[in-house]
Amino acid sequence: MRLASFTVDGRRRAGAVDEAAAAVAVLPERLGTVDDLVRGGPAALDAARAAADGAPVLPLTAVRLESPLQRFNRDILCTGWNYWDHFEESRGKRGHEDPDRPIRPTFFTKGPDTVIGPGDDIAYDAALSTQWDYEAEIALVIGRDGRSIPESEALQHVLGYLVANDVSQRDLQRAHGGQWLKGKSIDATMPLGPWLTTADEVPDPGALHVQCEVNGVLLQNASSAQMAFPVARLIAELSRGMTLRAGDVLLTGTPSGIGSARDPQIFLDDGDLVVTRVAGLGELRNRVAATALV
Ligand code: MG
């Protein structure tokens, strides 16, 4: 099932998307939002599946899709350097920060106010930063609480997958000591969606194709098979001694091709169109738009 979020008559609703038909079945209001379904366990998803048959159907063009997830337990959890080719392309370009290949995954977080919908504008303010970079990523949402989850059981805790773009401000990251909070948490800069594809529709999260295009030019193009630490390992490592709860979102890292590692460098500008795509999970289309942030 592909769960989408949109507003009908002023109320946020959940829908089940039929991609082939370019249509969405509007689920009954009693089932709640996608956030409610994510926290409702298998029974809620079963109820949504059952209700999708016979629910009123709208063409996808008749709704404006919002971020499928709107209610966050905490910051968005993120993975750094999770594709070796991306780790290597940034060697010598991180300022004073240039570590050896890690033996465990690197994690950081982004504030929930970063999140925007699959067609929303990416906020851009040159007074804040002149180095806005794109990072196409596979995101996952946890569906079952757990702590110290064994790698062998980790995928059972994943409710589903989405597409995200971890838009970053490189000069801000460096101006504040090479850390990953400033430059990763600017409001309205992280598209998420276009819908939440439940895990049963994703037989192997290690075989997903990730792409990012800017103004029609393909700049990132990779398989999740190239991940340094696969999804199950990420969950096992992140949950060691730290409870992951239904609704927690984890970004799994970006492949090579980011703008700051290119020669010459490419940074996003007002008016650019960023298309972020994961085969089987859908596509985000976001325009970079000048916005007063400071
Ligand atoms: Mg990233």
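**Around the magnesium ion and β11**

Colleague: In this predicted model, Glu137 and Asp166 are both buried (under 20% relative accessible area; exposed is over 50%, partly exposed in between; 1.4 Å probe, protein chains only). Which protein donors does the magnesium ion have?

Modeller: Quick ground rules: residues count from 1 along each chain as its sequence is written, and side-chain values use heavy atoms, without hydrogens or water. Since the model is predicted, local features need pLDDT of at least 70 and side-chain atom pairs 80 or more, while totals for chains, interfaces and linings use all residues. Donors are N, O and S atoms within 2.8 Å of the metal (3.2 Å for Na, K and Ca), and sites may look incomplete as water is not among the atoms. At 2.0 to 2.1 Å from the ion, they are Glu135 (OE), Glu137 (OE) and Asp166 (OD).

Colleague: How many residues apart are Glu137 and Asp166?

Modeller: Strands here are DSSP runs of E, at least two residues, numbered from the N terminus. Glu137 is in strand β10 (residues 136–142), but Asp166 is in the loop between β11 (158–165) and β12 (168–169). So the pair links distant parts of the chain, at a spacing of 29 residues.

Colleague: Over how many bridges do β10 and β11 pair?

Modeller: Two strands pair if DSSP finds at least two bridges between them. One of the matches is Ala139 with Leu162 in β11. The pairing is antiparallel, and its bridges number 7.

Colleague: Why is β11 largely enclosed by the rest of the structure?

Modeller: β11 also pairs with strand β13 (residues 190–198), antiparallel over 4 bridges. Gly160 stands opposite Thr198 there. β11 is largely enclosed because its buried residues number 8 of the 8.
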